[in-house]
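Q: I'd like a close look at one buried spot in this protein and then at how the rest of its chain is put together. Could you walk me through it?

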Amino acid sequence: MTEKKEYPGEEGLFTWPSDQPQLIGGRCKVCNTYYFPKSFVRHKPDCKDRSATEDVLLSRKGKLYSYTVQYVPSPPPAVNPDPFVANPIGWVALPEGIAIPGRITGCKLEDIKMHMDVELVVESGGKDREGNDVLIWKWRKI
Amino acid sequence: MRDVAIVGIGMHPWGKFLDKTFVDMSVVAIEEALKDAKMEWKDVQEMAAGIWVWGSVSGLNPGPSITARMGETGIPTTNIFNMCATATNVFRAAYNIVASGTKDIVLAIAADKSPKGFFTTVGVPDPKDPDYLRWRMIGLTNPGYWAIQLRKRMEDYGTTERHLAKAKVACSRFGALNPRALYKKVYTEEEVLNSQMVCDPLRLLEICATRDGAAAAILCSADKAKKYNARPIIVAGVGEGSSLYGDPTARLGLVCGPVEASAPLVSESYAAARMAYEAAGVGPEDIDFVELPDNSSWHYLQYPETLGFWGPGETERMLDEEQTGLGGKLPINTSGGIASFGEAVGAQGLLQIYEVVSQLRGQGGQRQVENAKVGMTQTYGQLGNSATTILKI
């Protein structure tokens with residue numbers, strides 16, 4: 001078996017490998033509701049066709065709607081940086097009209113600002129027990 | 001539908017009880033409720049029980065374990081799980097059984113034993129489940145969601161760190177007056193603000209601790225209630241709600257939500273409360289005191305607004321003016337709330353009911369709300385479910 005160096009924490013959530021990764025969400029073509037992940041389908045209450053959904057590659061760029069900084073490591077099945085550092089997590093508004101949470105990267109804690117522009121990247125969230133990097137989506141300050 | 005009364009309440013203390021099973025704790029609560037109602041176990045005609053989700057199959061099916069301990073009588077036992085709303089939904093099930101005329105005397109019981117530290121995903125890992133993904137791919141904890149919503153509130157309304165501390169202080173003042181509270185220390189704002197930052201802007205003393213506990217209520221048709229209790233408490237209305245499309249809350253357990261609001265925040269609680277108000281034929285102005293889910297200081301700020309007691313962004317001013325204590329506009333969490341008990345998730349709703357019944361009976365001791373006639377309980381609920389009761393004398 002080939003030795004893995006890095007792999008997505010779960011398959012099918014974002015395009016990978018890619019220099020311009022995108023989250024794979026979905027949309028109802030009838031009621032125009034967007035959602036993520038694509039498995040968690042959502043509709044308007046008066047939607048006329050709940051089968052009319054399609055997979056959608058979501059916008060890579062969005063704005064920080066709000067955020068927190070977690071000062072304690074997250075329990076499994078999360079992976080954490082080793083040694084642990086404070087973990088900023090943003091709720092990011094996309095042009096599709098939905099917001100999606102993710103860890104914030106590419107800036108110091110004091111440089112995180114409400115409404116700042118961010119873009120999607122795929123990076124290691126931490127290592128598994130064998131020392132391989134577990135890849136997750138993150139929001140990077142532009 | 002006929003009128004329903006509460007004729008007995010009971011509880012097992014909140015805390016950490018490593019050597020006790022959920023059945024051990026349930027029985028303590030049930031026996032106190034039976035004694036309170038001057039009733040025998042054999043008088044109970046049906047039971048609704050809260051599921052203990054971390055307890056394997058026995059925890060998922062608590063009814064038979066409890067009847068085995070109490071003595072098997074063949075009564076129907078229904079098991080219910082609805083996250084933080086579990087115990088109140090158990091109460092609602094019991095209420096409906098009596099109100100419909102199906103049975104006269106029904107027991108509502110819920111117990112919970114919590115794992116240590118942060119909750120994490122339960123069950124088989126499934127990448128199609130957003131609640132699994134938020135742990136696996138982000139590590140976003142429950143207080144993390146609340147902190148995200150809170151920071152938005154701070155931006156919208158100018159909420160300060162001091163307001164967050166004041167919510168804890170207000171609960172702790174009540175907790176100190178409740179002999180059954182787990183934490184009886186009265187905190188100062190400085191002590192709260194000196195506690196560890198956990199999920200910025202929420203500190204350790206501003207989020208709920210997870211604990212074990214159990215509580216019970218015995219419901220009876222109102223026309224027979226006086227036989228069991230000289231001071232029966234009337235169930236004026238119950239409500240249960242799920243979320244509304246377009247609710248922009250950073251909803252616990254999801255990894256996606258709308259940006260533009262076309263529904264209220266925590267719309268599941270909004271819906272549950274409106275259902276209860278309608279059933280009771282009352283409005284927020286008729287409520288004398290409330291037990292709300294202070295899972296965090298953000299909840300304490302948000303919920304009075306969700307329940308319609310005052311407008312958005314006004315809880316901060318109410319805290320500044322100390323309007324949520326005894327003698328204020330609306331006493332909040334006279335029990336001391338989750339801040340003074342910790343949270344036994346599945347049992348918490350019946351603990352709230354225990355407090356409101358105690359107050360309405362005039363048994364609130366030093367924390368008694370003067371002239372208490374109508375009280376309300378309200379839960380939170382993961383992924384968008386919630387439940388409400390309105391009780392009156």
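A: Ile109(B) is buried, with a relative accessible area of just 1%, and anything under 20% counts as buried. Keep in mind that this is a predicted model. The residue sits in strand β4 of chain B, which covers residues 105-112.

What does Ile109(B) touch, leaving aside residues up to four places away in sequence? From the early part of the list come Ser26(B), Ala29(B) and Ile30(B), then Met47(B), Ala48(B), Ala49(B) and Gly50(B). The list goes on with Ile66(B), Val90(B), Ala215(B), Ala216(B) and Leu350(B). Another way to place Ile109(B) is by its distance to Met11(B): the two are 98 residues apart along the chain, yet their C-alpha atoms are separated by 9.4 Å.

Contacts between residues far apart in sequence show up across the chain. Among contacts in chain B with a separation of 6 or more, 74% are between residues 24 or more positions apart. Burial is scored for the whole chain too: of its 393 residues, 64% count as buried.

Now for the overall build. Chain B has 14 helices and 12 strands. Its C-alpha trace spans about 55 × 50 × 40 Å along the principal axes. A compact globule with 393 residues would have a radius of gyration near 21 Å, and chain B comes in at 20 Å, so the two agree. The accessible surface is about 13,600 Å², and carbon and sulfur atoms make up 51% of that. As for charge, chain B carries 38 positive and 44 negative ones, and the mean positions of the two sets are 4 Å apart.

One helix is worth a stop: α10(B), residues 267-280. With 14 residues at 1.5 Å each, this helix should span 20 Å, and its end C-alpha atoms are indeed 20 Å apart. The buried residues in α10(B) are Ser267(B), Glu268(B), Ser269(B), Ala272(B), Ala273(B), Ala276(B), Tyr277(B) and Ala280(B). Their cover includes strands β8 (233-242), β11 (374-378) and β12 (385-392) along with helix α11 (297-306), all of chain B. Right after α10(B) comes Gly281(B), with a positive phi near 65°.

Then there are some backbone oddities. Most residues other than glycine have a negative phi, and most peptide bonds are trans. Lys38(B) has a positive phi, near 45°, and lies in the loop between α1 (22-36) and β2 (46-50) of chain B. Asn333(B) has a positive phi as well, near 55°, and its place is the loop between α12 (315-320) and α13 (337-341) of chain B. Is each of these two buried or exposed? Lys38(B) is exposed, with a relative accessible area of 64%, whereas Asn333(B) is buried, at 0%.

For cis peptide bonds, look over at chain A. One joins Pro76(A) and Pro77(A), with omega about 10°, and another joins Asp82(A) and Pro83(A), with omega about 0°. Pro77(A) lies in the loop between β5 (61-70) and β6 (87-93) of chain A, and Pro83(A) is found in the loop between β5 and β6 too.

Note on methods: Residues numbered from 1 in each chain as written. Chains lettered and ligands numbered in written order. Predicted model: local features only at pLDDT ≥ 70, side-chain atom pairs only at ≥ 80, totals over all residues. Heavy atoms only, no water. Helix = DSSP H or I, 4+ residues; strand = E, 2+ residues; numbered from the N terminus. Expected span 1.5 Å × (residues − 1). Buried < 20%, exposed > 50% of the residue type's maximum accessible area, 1.4 Å probe, protein only. Contact = heavy atoms within 4.5 Å. Rg over C-alpha atoms; globule rule 2.2 N^0.38 Å. Areas by Shrake-Rupley, 256 points an atom, 1.4 Å probe, with all protein chains shown as cover. Lys, Arg positive; Asp, Glu negative; His and termini not counted. Charge placed at Lys NZ, Arg CZ, Asp CG, Glu CD.
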